[in-house]
Every structure is written in structure tokens, then in C-alpha cells.
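Hi,

Here is the structure I promised to pass on. Have a look at it first, and my notes on what turned up follow below.

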Amino acid sequence: MSDVIIDSDSGKFKAGDGQDLNLYHNGTNSFIENETGILYVTNKANANMVFGTNNTARITVEADGDIGINETSPTAKLDVDGDIQIKGANALLLNHTTGAASDTYINSPSSNTMGFRTGGTLALTIATDQNAAFEANIGVGGNTLNSWNSLHSAVQLGYGAVAVRQNNN
């Protein structure tokens with residue numbers, strides 16, 4: 001088989017009955033376009049797929065499905081080497097049951113505030129002034145969080161004050 005060469009920046013390689021798959025270069029950028037249906041990019045071999053820029057691997061999809069972003073040997077379903085920015089809904093959903101809707105998440109309930117929710121209920125809020133508001137019981141060192149007096153080991157804070165109250169109800 002010989003190479004197919006289109007010797008023009010305006011020329012396109014077109015495939016399909018309706019010529020709906022296009023591969024071309026416009027003089028500056030290169031494009032793969034699919035005008036109908038799903039565009040599949042598949043490695044049928046039991047090997048990784050690597051997407052890169054500037055001659056450097058940026059996204060690695062391992063044969064087992066693990067994805068690495070700036071990580072060439074991912075060890076989890078998503079392994080990121082670098083910061084992650086979440087926009088839009090501003091929530092990181094944590095879901096331990098496949099297919100179930102998550103009601104445990106970390107979000108930004110208001111400007112410059114971080115909230116931790118479990119069971120759909122706000123449990124902890126941290127503001128930009130570093131003040132934290134706990135909306136639930138707190139336990140340290142124990143395995144039961146059923147009352148305000150669930151402290152089972154020493155607590156030491158470097159700055160500020162600690163107020164501990166016992167719920168007598």
C-alpha cells in the first residue's frame with residue numbers, strides 16, 4: 001500500500017458514502033471531523049493510547065481503562081498530576097454505589113466558602129477567614145459519632161480557642 005498525499009493546505013481527505021469523515025490541514029491547524037454518528041478512536045491492541053502536545057504525553061488511557069492526566073502510569077480510574085478546577089455546579093460528587101445518585105459531596109454553597117455534605121445535609125462549612133462551622137457531631141479517635149462528648153483522645157489546637165459542650169438532652 002502506498003501513501004495518500006494531498007499536496008495542498010486546502011485539500012481534504014474524505015471518507016464514507018456521504019464523505020462525512022474529513023481529515024485535513026488548513027495551513028495552520030489540523031482537523032479530524034465526523035459529520036454523522038459517533039467518532040470512535042480505538043486501539044484494538046491490548047496497549048495504551050497516548051495524547052500529547054509539544055512532544056509530551058498529556059493524557060494516557062491505559063488498556064485497563066485507567067486515565068492519567070500528566071501521569072503516564074495512572075494507578076486509579078482517574079489519576080491527575082496537577083490542580084483540578086471544577087466549574088459550573090461547583091461540586092465534587094462522592095458516590096460509593098454504582099449508578100446511584102450521589103448525596104455526598106464537597107461544594108461551594110456561597111462565595112469563598114467550602115461545604116461538606118453527607119446524606120444531602122450540610123455537615124461542615126469553612127469560610128475564607130478560616131472559621132469552620134460544624135453542623136454535626138465531632139469525634140476524635142473513636143468510632144462512634146453519636147454525641148458532642150465523643151472525644152476519645154487528646155485535641156491540641158495551635159491558634160484560637162476550643163469550646164466543648166456536652167449535649168445533655
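Going along the sequence, the pattern of the protein chain is β-β-β-β-β-β-β-β-β-β-β-β-β-β. In other words, the chain has 14 strands and 0 helices. Bear in mind that this is a predicted model.

A few totals before the details. The protein chain has 169 residues, and buried ones make up 10% of them. The exposed area of the chain is about 13500 Å², with 50% of that supplied by carbon and sulfur atoms. The contact figures caught my eye too: take the contacts with a separation of 6 or more, and residues 24 or more positions apart account for 0% of them.

Now to the sheet with S1, S2 and S3. These 3 strands make an open sheet in the order S1-S2-S3, and the pairing is antiparallel. S1 (12-15) and S3 (30-34) are the edge strands; each has a single partner strand, so one side of each has no neighbour in the sheet. From one strand to the next, the twist averages 10°.

If you want to check the register between S2 and S3, there are 5 bridges to work with, and S2 covers residues 21-25. Leu 21 sits opposite Asn 34 in S3, while Asn 22 has Glu 33 of S3 as its bridge partner. S2 and S3 form a hairpin with 4 residues between the strands, and Gly 27 there has a positive phi near 100°. As a reminder, strands of a sheet pair through backbone hydrogen bonds, either parallel or antiparallel.

How many aromatic pairs does a search of the whole structure find? The search comes back with 1. The pair is Tyr 24 with Phe 31, and it is stacked, at 4.9 Å centre to centre with 20° between the planes. Tyr 24 is buried, because its relative accessible area of 16% falls below the 20% cut-off. Phe 31 is partly exposed, with a relative accessible area of 28%.

Further along the chain there is another hairpin to look at. Strand S4 (residues 49-53) and strand S5 (residues 56-61) run antiparallel and are joined by 5 bridges. Val 50 stands opposite Thr 60 in S5. The hairpin of S4 and S5 has 2 residues between the strands, and Asn 54 in the turn takes a positive phi of about 50°.

Last item: Asp 66. Where is Asp 66 placed? Asp 66 lies in the loop between S5 and strand S6 (67-69). Is Asp 66 buried or exposed? Its relative accessible area is 9%, so Asp 66 counts as buried. The side chain of Asp 66 makes a polar contact of 3.3 Å with the side chain of Lys 77. Leaving out residues up to four places away in sequence, Asp 66 touches Thr 60, Val 61, Pro 74, Thr 75, Ala 76 and Lys 77. Thr 60 therefore turns up twice in these notes, as a residue that Asp 66 touches and as the one opposite Val 50.

That's the lot from me.

Cheers

Conventions
Residues numbered from 1 in each chain as written. Predicted model: local features only at pLDDT ≥ 70, side-chain atom pairs only at ≥ 80, totals over all residues. Heavy atoms only, no water. Pairing = 2+ DSSP bridges. Axes fitted to C-alpha atoms, helices over the stretch in contact; angles between N-to-C directions. Buried < 20%, exposed > 50% of the residue type's maximum accessible area, 1.4 Å probe, protein only. Contact = heavy atoms within 4.5 Å. Areas by Shrake-Rupley, 256 points an atom, 1.4 Å probe, with all protein chains shown as cover. Polar contact = N/O pair within 3.5 Å; in protein donor to acceptor, adjacent residues only side chain to side chain. Phe/Tyr/Trp six-rings, centres within 6.5 Å; stacked < 30°, edge-to-face > 60°.
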